[in-house]
Amino acid sequence: MAKLSTDELLDAFKEMTLIELSEFVKQFETTFEVTAAAPAAMMMAAPGGGGAAAEAEPEKDEFDVVLEADGGKKIQVIKVVRELTGLGLKEAKDVVEGAPKAVLEKVNKETADKAKAKLEAEGAKVTLK
């Protein structure tokens, strides 16, 4: 396999959906027995103004909508996931079957609440993080 440059890798990542990128990171962590979450958390805290701001964590303005379980109504939940994310049938099915999984990432409170309500209306178990 030809070696890819950093720019080529970044271009490939730019074309991936958030879910595909998340799955890549998980597989990368498993393959190389590393964790990417800790450095990312430190980078997120640093621009916020240092340790004190990170500890206080004022009001959150970005939420992840995480599907915990389909509640036995997989088909209905897949339809809602497709509606919320714009994913194709196979991708939405993979999200639902791979629960717990993030359906939406870094959305505002209102969007997260609406998505949670729609999913829970179909019997799914959902958490906001």
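This tour moves through a predicted model, one selection at a time.

**Helix H5**

Begin by selecting residues 74-85, which form helix H5. The helix has 12 residues, and the distance from its first C-alpha to its last is 16 Å, close to the 16 Å expected at 1.5 Å a residue.

Next, display the side chains of Val77, Ile78, Val80 and Val81, which are buried in H5. These residues lie on the same side of H5, because they cover an arc of only 165 degrees around the axis. An α-helix has 3.6 residues a turn, so residues three or four places apart point the same way. Turn to the other side of H5 and select Ile75, Lys79 and Glu83, which are exposed.

Which elements pack against the buried residues of H5? Select strand E1 (63-69), helix H6 (89-97), strand E2 (101-107) and helix H7 (109-121), which are the packing partners of these residues. Before leaving the helix, select Gly86, just after H5, where phi is positive at about 80 degrees.

**The largest nonpolar core**

The next selection is the largest nonpolar core, which has 20 residues. Select Val65, Leu67, Val77, Val81, Val103 and Leu119, the residues with the most contacts inside this core. Two or more residues of the core come from each of E1, H5, H6, E2 and H7. Which element gives the most to this core? H5 does, with 4 residues.

Centre the view on Leu119 and show its contacts. Setting aside residues up to four places away in sequence, Leu119 touches Val65, Val77, Val80, Val81, Leu84, Val103, Ala124 and Val126.

**Ala92 in helix H6**

Move to Ala92, which is placed in helix H6. Is Ala92 buried or exposed? Ala92 has a relative accessible area of 0% and therefore counts as buried. Beyond its neighbours within four places in sequence, Ala92 is in contact with Ile78, Val81, Arg82 and Leu87. A distance line from Ala92 to Val77, C-alpha to C-alpha, spans 9.0 Å, and the two are 15 residues apart in sequence.

**Asp64 and Lys106 in the strands**

Select Asp64 in strand E1. Its relative accessibility of 25% makes Asp64 partly exposed. Apart from residues up to four places away in sequence, Asp64 touches Leu104, Glu105, Lys106, Thr127, Leu128 and Lys129. Add Ala102 to the selection: the C-alpha atoms of Asp64 and Ala102 are separated by 6.4 Å, with the two residues 38 residues apart along the chain.

One of the contacts of Asp64 is Lys106, which lies in strand E2. Lys106 has a positive phi of about 55 degrees although it is not a glycine. With 53% relative accessibility, Lys106 counts as exposed.

**The cavity**

The last stop is an internal space. How many cavities of 30 Å³ or more does the structure hold? There is 1 such cavity, and the largest cavity encloses about 40 Å³ of space.

Select Ile19, Ser22, Glu23, Lys26, Lys101, Ala102 and Glu105 to show the lining of the largest cavity. Helix H2 (18-32) and E2 each supply at least two of the lining residues, and H2 gives the most, with 4 residues. Two residues from the previous stop return here: Ala102 and Glu105 are among the lining residues, Glu105 being one of the contacts of Asp64.

Notes. Residues numbered from 1 in each chain as written. Predicted model: local features only at pLDDT ≥ 70, side-chain atom pairs only at ≥ 80, totals over all residues. Heavy atoms only, no water. Expected span 1.5 Å × (residues − 1). Buried < 20%, exposed > 50% of the residue type's maximum accessible area, 1.4 Å probe, protein only. Arc of directions from axis to C-beta. Contact = heavy atoms within 4.5 Å. Core = buried A, V, L, I, M, F, W, Y, C linked by side-chain atoms within 4.5 Å. 1 Å grid on protein atoms, 1.4 Å probe; cavity = no way out; pocket = protein on both sides within 12 Å on 5 of 7 lines; lining within 4 Å. Points joined across faces, edges and corners; volume = space filled by probe spheres on them.
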